[in-house]
Amino acid sequence: MIPGLMAFTLLFGSEDPLAPVGQARWHHRDLTRQACDEEGWGPAAADETSWATLGVDLYSYHPIWVAHGGPRRWAAARRLKQSLDKIHFDDLAGSDELEEIWRRLLGGTRIGLAEAGKHDDVAAARHLIGIGLHAVQDFYSHSNWIDAPPRRDTTWLETWPGAPVPDGLLTGGVHHSHESPSPSHGRVRLTPAALLRIPVLFVAPLIRRFPAPGRMPRGVRGSRSSGINLDSRWQAVQGAEQREQTDLDGGAAFDLAYALALRDSRHWLRLLAQQVPDAFWARVTSGQAADRWTAGFEREPLCDFLTAGQYPPFGSQDSGNWFLRITLDRRPRGWATLSQAGSSQRFRGRDLTFGPLDPDSPIHLTGLAPSTAVTALAFRRAPTPVARPLTTTRQADEIIMSSTGLE
């Protein structure tokens with residue numbers, strides 16, 4: 001085994017996780033590019049968005065790629081770890097939890113797109129759309145949606161809201177546990193043979209020989225705790241067995257999950273298009289790509305609009321609660337503290353998402369330099385997505401924000 005590189009969790013990943021990132025065919029990228037293309041996006045816009053979709057996995061689970069990017073990429077991966085863990089539809093036991101996460105994702109994406117539109121920030125909009133698409137696609141790879149034959153001809157977004165959420169829905173477990181544990185998601189481990197291939201990830205020579213679809217790549221093997229995931233064709237063989245589906249082998253299960261993920265990816269894009277002004281949406285879906293798609297992960301973590309709240313929900317309805325997002329124009333000199341009604345959080349960066357908020361208590365921010373400018377935005381994702389700027393008042397060495405009026 002290789003310490004520090006043993007566990008790779010591939011989420012609609014590549015058929016060969018040890019191929020150079022820029023050369024491998026990643027299923028998340030393919031799904032997003034195809035969905036964008038079929039919805040009329042320009043090629044550069046679709047490609048940039050697809051990198052954001054894949055970036056959720058790269059920043060979360062690809063230590064070699066992160067290390068190759070230097071301190072900036074490493075710092076972003078460290079800062080975003082807890083938020084990105086909530087994007088994969090993992091560890092959810094029950095229809096209520098799944099429905100709550102869908103509300104957070106859709107409402108949060110709409111709020112983030114509205115904020116991006118205020119600043120005409122096309123790159124931020126593509127970044128948010130790509131992150132949301134990652135979750136949409138993972139739902140079909142990580143849940144037992146396809147196990148019930150009546151569900152195989154439809155998708156979540158085609159039936160929700162409206163039809164009752166089916167009982168018995170759940171997703172594979174990775175990080176957390178329930179009183180009634182979900183089946184394992186499944187992990188991938190590297191073998192000693194991977195030592196011969198890992199240098200390829202750093203130097204990325206022009207190697208085009210990858211394993212045939214459905215065949216486990218050299219240097220990789222499944223873990224002792226097999227799971228239900230359908231993240232690649234070779235993982236789907238084991239995933240289908242764990243699901244105990246007599247009418248679906250690994251290849252058929254993968255193809256079905258992939259097709260449903262594509263349908264809901266397109267549906268997701270159409271839902272978002274309805275909420276964004278036409279002129280801004282036209283710029284998001286066409287034109288040139290940004291210089292660096294990684295910049296979306298390295299600046300303020302906009303994914304917090306999607307992920308804020310307890311995870312797994314364990315019965316909480318944080319999509320309907322208010323959260324606070326603050327952005328500073330400079331970093332604190334030391335530790336800053338945001339507190340309300342006995343709850344507090346320390347931070348050292350330029351942004352923080354805090355909550356749920358108590359609408360009857362003031363919010364205190366301390367530890368900033370006197371000249372620091374603060375932007376405070378309260379947001380709630382359900383039943384209707386809404387974001388409201390909060391008034392800030394300086395008193396002595398602290399900033400006080402009023403949450404009065406948040407219902």
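In this predicted model, Trp-102 has an extensive list of partners beyond its neighbours within four places in sequence: Phe-89, Val-136, Phe-139, Trp-156, Leu-157, Trp-160, Asp-264 and Trp-268 are in contact with Trp-102. Several of these names return in the description of the nonpolar core. The largest such core holds 81 residues, and the members that touch the most others are Trp-41, Phe-89, Trp-102, Ile-129, Trp-156 and Trp-268. Helix H10, which covers residues 250–273, gives the most to this core, with twelve residues. Apart from it lies another core, made of 20 residues, including Phe-347, Phe-354, Ile-363 and Met-401. In soluble globular proteins, nonpolar side chains tend to be buried together.

**The chain as a whole**

The protein chain contains 13 helices and twelve strands. Of its 407 residues, 56% count as buried. The accessible surface of the chain comes to about 17,600 Å², and carbon and sulfur atoms account for 51% of that area. Among contacts between residues at least 6 apart in sequence, 73% join residues at least 24 apart.

**Aromatic pairs**

A search of the whole structure finds 21 aromatic pairs. Two of them are set out below.

| Pair | Arrangement | Centre to centre | Angle between planes |
|---|---|---|---|
| Trp-145 and Trp-156 | tilted | 6.2 Å | 55° |
| Phe-305 and Phe-379 | edge-to-face | 5.0 Å | 75° |

The pair of Trp-145 and Trp-156 links distant parts of the chain, eleven residues apart: Trp-145 belongs to the loop between helix H6 (122–142) and helix H7 (156–159), while Trp-156 belongs to helix H7. Trp-145 is buried, with a relative accessible area of 2%, and Trp-156 is buried as well, at 1%.

The pair of Phe-305 and Phe-379 also links distant parts of the chain, with the two positions 74 residues apart: Phe-305 is found in helix H13 (residues 304–307) and Phe-379 in strand S9 (residues 374–380). Phe-305 has a relative accessible area of 2% and is buried; Phe-379 counts as buried at 0%.

Ring pairs also build a cluster, which joins Phe-89, Trp-102, Phe-139, Tyr-140, Trp-145, Trp-156, Trp-160 and Trp-268. Trp-102, the starting point of this report, is thus part of the cluster and is in contact with Phe-89, Phe-139, Trp-156, Trp-160 and Trp-268, among others.

**Charges over rings**

Trp-145 has a further partner: the charged end of Arg-151 sits over its ring, 5.3 Å from the centre. Elsewhere, Arg-73 lies over the face of Trp-65, at 3.8 Å from the ring centre.

**Cysteines**

A search of the whole structure finds zero disulfides. Cys-36 is buried, with a relative accessible area of 0%, and Cys-303 counts as buried at 3%.

**Surroundings of Gln-242**

Gln-242 lies in helix H9, which spans residues 233–243. At 38% relative accessibility, Gln-242 counts as partly exposed, because that value falls between the 20% limit for buried and the 50% limit for exposed. Beyond its neighbours within four places in sequence, Gln-242 is in contact with Ser-226, Gly-227 and Ile-228. The C-alpha atoms of Gln-242 and Pro-183 are separated by 8.7 Å, although the two residues are 59 residues apart along the chain.

How values were computed
Residues numbered from 1 in each chain as written. Predicted model: local features only at pLDDT ≥ 70, side-chain atom pairs only at ≥ 80, totals over all residues. Heavy atoms only, no water. Core = buried A, V, L, I, M, F, W, Y, C linked by side-chain atoms within 4.5 Å. Buried < 20%, exposed > 50% of the residue type's maximum accessible area, 1.4 Å probe, protein only. Helix = DSSP H or I, 4+ residues; strand = E, 2+ residues; numbered from the N terminus. Contact = heavy atoms within 4.5 Å. Disulfide = S-S within 2.5 Å. Areas by Shrake-Rupley, 256 points an atom, 1.4 Å probe, with all protein chains shown as cover. Phe/Tyr/Trp six-rings, centres within 6.5 Å; stacked < 30°, edge-to-face > 60°. Lys NZ or Arg CZ within 6 Å of the ring centre and 35° of its normal.
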